[in-house]
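Please report on the pockets, the strand pairing and the surface of this protein. Keep it brief.

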Amino acid sequence: SSESSSVLTASQLESIQARGRDVVSLLRLIPGVQYAPDPDAVGGSYGTGTPNMGGTTSGSNILAVDGVISNDIGTPNVFSSVTTMDAIGEVKVVLNSYQAEYAGNGGAVVQVVTKGGGRDYHGAGFWYVRNEVLNSNDFFNNLNSVKRPLYRYNTAGFTLGGPIYIPGKFNAKKNVLFGFYALEALWVKYPQGIRLVTTPTALERAGDFSQTLDVGGKLIPIKDPTTGQSFPGNTIPRSRINSNGVALMNVLPLPNSLNRDISKGNYNYTFQESMLQPKRSNLFKLDWMPTDKDKFFARGKTWISEQQGYAVAGGASNWGLFGQCYCFTEAGIGAGYTRIFSPSVVMEASGGIRTNHEAWSPYGSPNEIDKVLRSKTGLGTLGQWFPSSNAMGFIPRYSFGGVPSSADVSYDDRLLTGGADTTISFNDNLTVIRGGHSMKAGFSYYRLR
């Protein structure tokens, strides 16, 4: 074959350190693959973005686990069928000059092959720890008197593989049925960068702007739109204040950082969180060899990844508007059959189905969602152009002009909703060797739903 390809072996995966224990980060070892730093933890928020390979864009890569296509449908450059490194036996990357069986997107092809059991039992257990006690505090945290945030990565798991047998009754020679299981669980508290925003003061919410200064320290005049003149005392009369405007301002927290010597008037509210990110990967595989010419395998796996906090994927304003859980799950099964008709004729078939599901839900206090509901924030009299488009009754998204680092209110259109993707794939190859010639025929099918 004239294809340009490389292989990551099990020994490489075991011996090369990867901070996030994500196999995608090790693709950088292959010539022709764009360098990418290690992720902090395996799988990102719902999967791992793959690099550009062989001069093509990452969105045209094909990613597969045991022959089952594993690209995320919405973002095809993301590998969303996350598999623990301890369960991977080999990774083959085909960069270009593909054989026909790799037809598809036109980019690189990444094939992950999971481990299976053998005639002897092999297992391993592990626990990896990273903790804030090993870290120094951030410069800007020190500047704003914000303490060192929680930074905790706990990764624990185990693998076990070997023959499945009953002494003297079934598979006594340990050569017919084998099993392999891998579990990896992560408990993560990941610090987000400190958020520096400006929120309205208690005086400003009451219409009193007598102490509202610009970044140069000068008073900002508040003018009466009917006369063009500044309000007396730079204070808006209560009779002129719109109650809906006050309700929208009261969604925002009161300032908590009032030292202008530090902020220079660019912000008055600081916020930092350590977001919770529990994750878990399960994989179970069976290999059955009823004859020396037939081999079957069946593999099931699940992947769960959650973000619990404020700066979640597709979440609301990350300065602490309201807490959400971005919950992503993936489950799939794969199967394969290899038949050796003769030393020169071999057939390989594999296929499977996998489904992803993502959802956004409130996280934190039982009444967390009340922070953005019209009925709970006093916006009952505020009109809407299309009430039917806001069946849940959320407050409008809004922002402030002329305010440095304003605490704008925004949230994703998918709030309190979810979505599911399903991938079905099948491959069948027949290889025939005649003298110095190798011929291959087959077909590949996959459907994205």
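## Pockets, strands and a surface patch

Strand β19, residues 437–448, gives six residues to the lining of the largest pocket, the largest share of that lining. Keep in mind that this is a predicted model.

**The largest pocket.** Its volume is about 1200 Å³. In total, 42 residues line the largest pocket. Nearest its centre lie Glu-101, Gln-111, Glu-348, Ser-350 and Asn-429. By class, the lining splits into 17 nonpolar, 15 polar and 10 charged residues.

**The second largest pocket.** Here the volume is about 770 Å³. The lining of the second largest pocket counts 31 residues. Thr-198, Thr-201, Glu-204, Thr-212 and Asn-268 are the closest to the centre. Which elements give two or more residues to this lining? They are α3 (202–205) and α5 (260–263). The class split is 15 nonpolar, 12 polar and four charged residues.

Here are the two pockets side by side.

| Pocket | Volume | Lining residues | Nonpolar | Polar | Charged |
|---|---|---|---|---|---|
| Largest pocket | about 1200 Å³ | 42 residues | 17 residues | 15 residues | 10 residues |
| Second largest pocket | about 770 Å³ | 31 residues | 15 residues | 12 residues | four residues |

**Strand pairing.** Next come β14, β15 and β16. Strand β14 covers residues 279–291, and strand β15 covers residues 294–309. How many bridges link β14 and β15? There are 11, and the pairing is antiparallel. A hairpin of two residues joins β14 to β15. One bridge sets Asp-287 against Phe-297 of β15.

Strand β15 also pairs with strand β16, residues 324–342. That pairing is antiparallel as well, over 16 bridges. Phe-296 has Tyr-337, in β16, as its bridge partner. So to follow this stretch on the model, trace β14 through its two-residue hairpin into β15, then look across from β15 to β16.

**The surface patch.** Which residues form the nonpolar patch on the surface? They are Phe-139, Phe-140, Leu-143 and Ile-262. Together they have about 390 Å² of accessible area. Helix α2, residues 139–143, supplies three residues, the largest share of the patch. Ile-262 is found in helix α5. Helix α5 also appears above, among the elements that give two or more residues to the lining of the second largest pocket.

Conventions: Residues numbered from 1 in each chain as written. Predicted model: local features only at pLDDT ≥ 70, side-chain atom pairs only at ≥ 80, totals over all residues. Heavy atoms only, no water. Pairing = 2+ DSSP bridges. Helix = DSSP H or I, 4+ residues; strand = E, 2+ residues; numbered from the N terminus. 1 Å grid on protein atoms, 1.4 Å probe; cavity = no way out; pocket = protein on both sides within 12 Å on 5 of 7 lines; lining within 4 Å. Points joined across faces, edges and corners; volume = space filled by probe spheres on them. Nonpolar A, V, L, I, M, F, W, Y, C, P; charged D, E, K, R; others polar. Patch = residues over 30% accessible without salt bridge, like charges linked within 9 Å, V, L, I, M, F, W, Y side chains within 5 Å. Areas by Shrake-Rupley, 256 points an atom, 1.4 Å probe, with all protein chains shown as cover. Salt bridge = Lys/Arg side-chain N within 4 Å of Asp/Glu carboxyl O.
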